[in-house]
Amino acid sequence: MLFVLGGSSGAGKSAIRRFLSGEGASLVAGLRLRSHDFDEDGVPPDADSSWRQRTGAAWVRRALEYQDHGEHLLLSANWPLGEILATPRAPPLDGMAVCLIDCADLARVARLRARNHPSYTDARIWDFVLFAAWQRLHHADPQWMPEVILDHWPEMVWERWRSWLPEDPRWSVPVFDTSGEPIAASASRVARWIREQNDARDRGELMLRRGNW
């Protein structure tokens, strides 16, 4: 199964994943999670939506490899649900669950500035803030400005979800706001969600289970 901690940069998704892989591992004990970050192999200077979609396809292939060995992939990723569902080899996954790790705009700006990365200019940080705003609406309504992600990499299969409406139970993405919250507290909430989604899969009730989308 594929678990995605999604959201724009600065929300805390990678910090939560690292906590669950380290000192907070007991929160997800017994689930056989393989933990990775979407960008762990680096991000090229010309990274765009096409790069993100191709990279996402590689992670789905990795998830399928883990699935063959009875393992799950826990991935922190700036990767919206519409792209995940449209990834070419996604249907053989026995299940997927996506949450949105989010925070207030001022918190995001402060966190990104604190990284002291030379490429994190105010203009680039603004791009992350805008993508965060788009993701909030995208994860609430599949019909909200889909052109932001459509038609970049031709291998994507957009028709899988393009007719879905906001009330479709398969398009259900919980939001975890990390603003002003310790990582341990955020990770604890996310861990409960992971266990709930895994249990739903075992019962055959997971919304994004194989054959249900």
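This short presentation covers the largest pocket, the nonpolar cores and two loop residues of one structure. Please keep in mind throughout that the model is predicted.

I shall begin with the pocket. The largest pocket holds about 1,000 Å³ of space. Its lining comprises 34 residues. Those nearest the pocket centre are Ser-9, Asp-39, Asn-78, Arg-124 and Phe-128.

Which elements supply at least two residues each to that lining? They are α1 (13-21), α2 (49-68), β3 (72-77) and α5 (122-138). Of the contributions to the lining, that of α5 is the largest share, at 5 residues. Sorted by class, the lining has 15 nonpolar residues, 10 charged residues and 9 polar residues.

I turn now to the nonpolar cores. In soluble globular proteins, nonpolar side chains tend to be buried together. In this model, the largest nonpolar core has 36 residues. The members that touch the most other members are Leu-2, Leu-75, Trp-79, Leu-85, Leu-93, Met-96 and Trp-161. At least two residues of this core come from each of β1 (2-6), α2, β3, α3 (81-86), β4 (96-102) and α5. The element that gives the most to this core is α2, with 7 residues. A separate core, of 22 residues, lies apart from this one, and includes Phe-19, Val-28, Ala-97 and Ala-200.

Met-96, a member of the largest core, merits a closer look. Leaving aside residues up to four places away in sequence, Met-96 touches Met-1, Leu-2, Ile-84, Leu-85, Ala-90, Leu-206, Leu-208 and Trp-213.

Next, two loop residues. Asp-94 is found in the loop between α3 and β4. Is Asp-94 buried or exposed? Asp-94 counts as buried, because its relative accessibility is 19% and the cut-off for buried is under 20%. What does Asp-94 touch, not counting residues up to four places away in sequence? The partners are Met-1, Gln-67, Arg-201, Arg-209 and Arg-210. Met-1 is thus a contact of Asp-94 and also a contact of Met-96.

The second loop residue is Gly-180, which sits between β5 (175-177) and α6 (183-203). Gly-180 has a relative accessible area of 82%, and is therefore exposed, since the cut-off for that class is over 50%. Along the chain, Gly-180 and Ala-104 are 76 residues apart, while their C-alpha atoms are separated by 9.1 Å.

To close, I return to the two loop residues: Asp-94 counts as buried, whereas Gly-180 is exposed.

Key:
Residues numbered from 1 in each chain as written. Predicted model: local features only at pLDDT ≥ 70, side-chain atom pairs only at ≥ 80, totals over all residues. Heavy atoms only, no water. Helix = DSSP H or I, 4+ residues; strand = E, 2+ residues; numbered from the N terminus. Buried < 20%, exposed > 50% of the residue type's maximum accessible area, 1.4 Å probe, protein only. 1 Å grid on protein atoms, 1.4 Å probe; cavity = no way out; pocket = protein on both sides within 12 Å on 5 of 7 lines; lining within 4 Å. Points joined across faces, edges and corners; volume = space filled by probe spheres on them. Nonpolar A, V, L, I, M, F, W, Y, C, P; charged D, E, K, R; others polar. Core = buried A, V, L, I, M, F, W, Y, C linked by side-chain atoms within 4.5 Å. Contact = heavy atoms within 4.5 Å.
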